[in-house]
Amino acid sequence: MNWDVVIGLETHVELSTQSKVFCGCSTAFGAPPNTLCCPVCLGLPGSLPVLNEQAVELALKAALALNCTVTPVSRFDRKNYFYPDLPKAYQISQLYAPLARDGHLDLPGGRRIRISEMHLEEDAGKLHHHADRTAVDYNRCGVPLVEIVTAPDLTGGEEAVAYLEQLRSILQYLGVSDCRMEEGSLRCDVNLSVRLAGSSELGTRTELKNLGSLRAVRLACEYEAQRQIAILESGGQVRCQTCRWDEEARRTVPMRDKEQVGDYRYFPDPDLPPLAVGEEWLTHLRAEQPELAHEKAARYARDWQLGEYDCATLTSRRGLAEFFEQVVALGAPPKQAANWIMGQVLRRLSADGLAVEEIPMSARSLADLIRLVEQGTVNRNTAVEVFDAVFTGGDPAEYVRTHRLEQSSDTEQIASVAADVLAQNHKSVEDWLSGKEKAAGFLVGQTMRALGGKAPPALVGDVVRQLLERERS
Amino acid sequence: MNQLFDLTALELARAIARGDVAQSDVIQGSADCIAVSDKLNCFTAISVSDPIAATPDSSLSGVPMAVKDNLCLAGTATTCASRMLRDFIPPYTAAAVEKLLCAGAVCMGKTNLDEFAIGSTSETSFFGPVKNPWNLEYSAGGSSGGSAAAVAAGLVWYALGSDTGGSIRHPAACCGVTGMKPTYGTVSRYGLVSYASSFDQIGPIARDAADCAAVLDIIRGHDRRDSTSLPGPYPSLSAQLTGDLRSVRIGIPDVYFDEAVDEPTRCAILSCADALRRRGATVELCRASGLEHAVHAYYVLACAQASSNLARYDGVRYGCRAEAAHDVQDLFVRSRSLGFGREVQRRILLGTYLLSDENYDTYYKKAVAVRHQVEGAFRALWHSYDLLLTPVFPGPPPKLGQKTNDPVALYQEDRYVACANLAGLPALSMPCGMRQEGLPIGVQLLGPRMSDGAVLNAAFAFQQETDFHRRHPPMFGLGGDAE
């Protein structure tokens, strides 16, 4: 039997605000427990929530980029349940009138994944389990989240990952979230069911939680799909339940049956007035929306004939793409700029442990360096040396001048140096004469070295070959 | 000293400002009075705030007052008269209290109430019932019973209360003082422990309408810490007290002037109408429809909100924590069972039931629809009337212990007052007569949203015509001379 896998994702994304969604506490990651709390996020009696407009703005940016229809008047609802990490015993969320609905995200391959809704809510605290007790850290309480819910449009683990990567890229480009799965600023729950290929009816689904990485998402989807198929093929029935992904055992473990899930007694939060989003605000946000990764990639391919891999790498982070575009804008040929950035710049960032947003070199500096190579002032090898020297600051042309790195195109000077090299390497000359082509390369290299690298390699090759031909006759 | 107690808060502030009386003597007089009034059980805590040097233009500077114990005062226990919060000390002060303190008010203590302001007899308090200064066998009303009794007994010149479904107006009527629930959103709820957030509103209980206006002029205003706070503008209410009611149209809605209203109450309200007419108002009985189910909708919505607002008291972070729980779920159950009294538990259970998946549409959504209907009914009335006149409750105040076993009958009595909360209207209760048994009778005035000044002015006019607000229970002000 052939089976189709049907997946819907619920993704929680932490918004990059300075302060929490209903109070002024910091949202910084990694502070000592319970140091970023106030009466509001602790839900002390008499405290009241005040909506952070910045959180709304970031969520709206995401909604627009995901092609959603923004709800003109959305509302906040209380989701009531008792848990030690939830100080008010309710989470402020949006159920009845979420911030936005009916959007979509297009995957790189062109498949369109529908977004059914997205809403704003507050995060809960964190439990730390110790041998004899459990401690609660309320620092995360009230950190703003958007939950983005897809329709059941994804067809497997690979596609789920592709969706998340694309979503992450969009949100990072927008500055809406840093989307760090390892810090929990992007979290994803999977709803998965299988059905006979071609069937239009949805099967019984399970919900998968505790997916700490994209790899975990892919593996959990694959494992769970196979598990469900095995059950159905042996004549059994899939139970509607919530499962936890066990990273070590690489399998899904049932947590609880869905039927047992509590009744959250949602109702409109009387402490918060409805949230009206005017067309003016949206128009302003639309105008402000930056070009997104896939839009940039398409433009690079179209206008600059860059390959798919180059486009994808350069647009993987907004900071990198913007650096690339600046270098091109300063006159560097796009392909040269791309090669330098994907090669040397990424190498140095990785060696120096820097993020792409932290490139110390100016775009002007890299553009100048590329121009020096293009003009033949330095050869490529010398240019890499210059690059490393000016990466943390400095003017390439100045560096070349003060270190006398200009290459020489004076054929007579090269010929004289090459003649010396040939004279000192009889063995290699004879090898060449006896048909060993490799020997020429060695002699070219030796000549380059003797020239201090300051000559165009192609020219040196030509000169050496002319001298060798002369030897033959 | 004794004649000081006959002054209103405004008069006392002027006397202090003129130097006729020392502020320290006034505070001492009030403290002495409170000290010998234990039997009323007005206070949950007595602690005199350090007087702050107020701005010279403050109308109530130096006047002793009290604060209902569901309003936070930094560093002082805010118990809500519940075992649950017996030891809870908030790190902040409620916006309304802060404004009064900054205006030179002297807080003498926190007043007793129904547990979490849930109730209308002040009998559900963990600290025991508040007694009516007019007759100790009667309830002071509720839930702001402590505030009303303290003002009626002359222990303080005014007090803050909170009103979710009549909790200022009911005890004010029981105790023969003037209490005002302002328009919803005009006084910040920041620092008020929530019962039903969309109805809760802070207001004054005082000796007359002019004092209420003076207090409201200080505590009203926009506060960005409360998202339901209205932006204003907030014109002076005191300046609107002209006593002139010419061209003011007042209706007495038939639904609230029904057969349940007993003879003494009916007569008192009719003579109140006459007094208002003497000031130039037209007063007439009027038809009103669409208000019949207001009290039912009120209870559905209030219980639903209470079940959520009171869910945070789980024994984990502060408040009552039960011993010997075997897991965290058990800790929640035991702590809440131990910390909450019966009436609070009843409303939480009701609210939880009403909000459940299977009941949400049947009850909650329907109640919201009724609320809109009630708002519409009032809007229709405002076409023909500027203000409405109704009873506060239909008969004598409840005797202590009388109705605690019949909660539904008690809920029904809230129908005269809860409608104002449902529609967010300003509403005032003032004394307008005396029963044969020596207990005061109250009457309610209500108006459209933001007509607080008009409501107060009608009460002010009535109080210029009559002296019910100047009548005091026999024990009034005796504290100072008792020894």
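1. Start in chain B, at Ser143(B). This residue is found in the loop that runs between strand E5 (135–139) and helix H4 (145–152) of chain B. The model is predicted, and the backbone here deserves a look. Gly142(B) and Ser143(B) are joined by a cis peptide bond, with omega about 10°.

2. A second cis bond in chain B leads into a proline. The peptide bond from Gly232(B) to Pro233(B) is cis, and its omega is near 5°. Pro233(B) is placed in the loop between helix H6 (209–219) and strand E9 (249–253) of chain B.

3. Now chain A, and its backbone. Ala89(A) is not a glycine, yet its phi is positive, at about 65°. Where does Ala89(A) lie? Its place is the loop between strand E4 (77–80) and strand E5 (90–93) of chain A. Ala89(A) has 2% relative accessibility and therefore counts as buried; the cut-off for that term is under 20% relative accessible area.

4. Arg265(A) also needs a check. Its phi is positive, about 45°, although the residue is not a glycine. Arg265(A) sits in the loop between strand E14 (251–257) and strand E15 (267–268) of chain A. Is this arginine buried or exposed? Arg265(A) is buried, with a relative accessible area of 12%.

5. On cysteines, the count over all chains is zero disulfides. Cys141(A) is in no disulfide; the nearest cysteine sulfur belongs to Cys41(A) and is 6.6 Å away. A disulfide would need the two sulfur atoms within 2.5 Å. Cys141(A) itself counts as buried, at 3% relative accessibility.

6. Chain B offers a neighbouring case. Why does Cys175(B) form no bond with Cys174(B)? The sulfur of Cys174(B) is the closest cysteine sulfur to that of Cys175(B), but it is 6.1 Å away, so the gap is too far for a bond. Cys175(B) is buried, with a relative accessible area of 1%.

7. Aromatic contacts are next. The structure holds 28 aromatic pairs over all chains. One of them joins Tyr256(B) and Tyr416(B): the ring centres are 6.0 Å apart and the planes are at 55°, so the pair is tilted. Tyr256(B) lies in the loop between E9 and helix H7 (263–278) of chain B, while Tyr416(B) lies in helix H13 (residues 415–423) of chain B, so the pair ties together parts that are 160 residues apart in sequence. Tyr256(B) and Tyr416(B) are both buried.

8. Tyr313(B) and Tyr318(B) make another aromatic pair, this one edge-to-face. Their rings are 6.2 Å centre to centre, with 75° between the planes. Both tyrosines, Tyr313(B) and Tyr318(B), are buried. Which aromatic cluster includes them? Tyr313(B) and Tyr318(B) form one cluster with Phe88(B), Phe116(B) and Phe340(B).

9. Two arginines of chain B are worth viewing from above the ring. Arg225(B) has its charged end over the ring of Tyr190(B), 4.2 Å from the ring centre. Arg266(B) lies over the face of Phe257(B), and there the distance to the ring centre is 4.8 Å.

10. For the backbone check, the list is short. It includes the cis bonds at Gly142(B)–Ser143(B) and at Gly232(B)–Pro233(B). It also includes the positive phi values of Ala89(A) and Arg265(A).

Terms used:
Residues are numbered from 1 along each chain as its sequence is written. Chains are lettered from A and ligands numbered from 1 in the order in which they are written. This is a predicted model: local features need pLDDT of at least 70, side-chain atom pairs count only at pLDDT 80 or more; totals for chains, interfaces and linings use all residues. Side-chain values use heavy atoms; hydrogens and water are left out. Buried means under 20% relative accessible area, exposed over 50%, partly exposed in between (1.4 Å probe, protein chains only). Helices (H or I, at least four residues) and strands (E, at least two) are DSSP runs, numbered from the N terminus. Rings of Phe, Tyr and Trp (its six-membered ring) pair if their centres lie within 6.5 Å; planes under 30 degrees apart count as stacked, over 60 as edge-to-face and the rest as tilted. A charge sits over a ring if NZ of Lys or CZ of Arg is within 6 Å of the ring centre and within 35 degrees of the ring normal.
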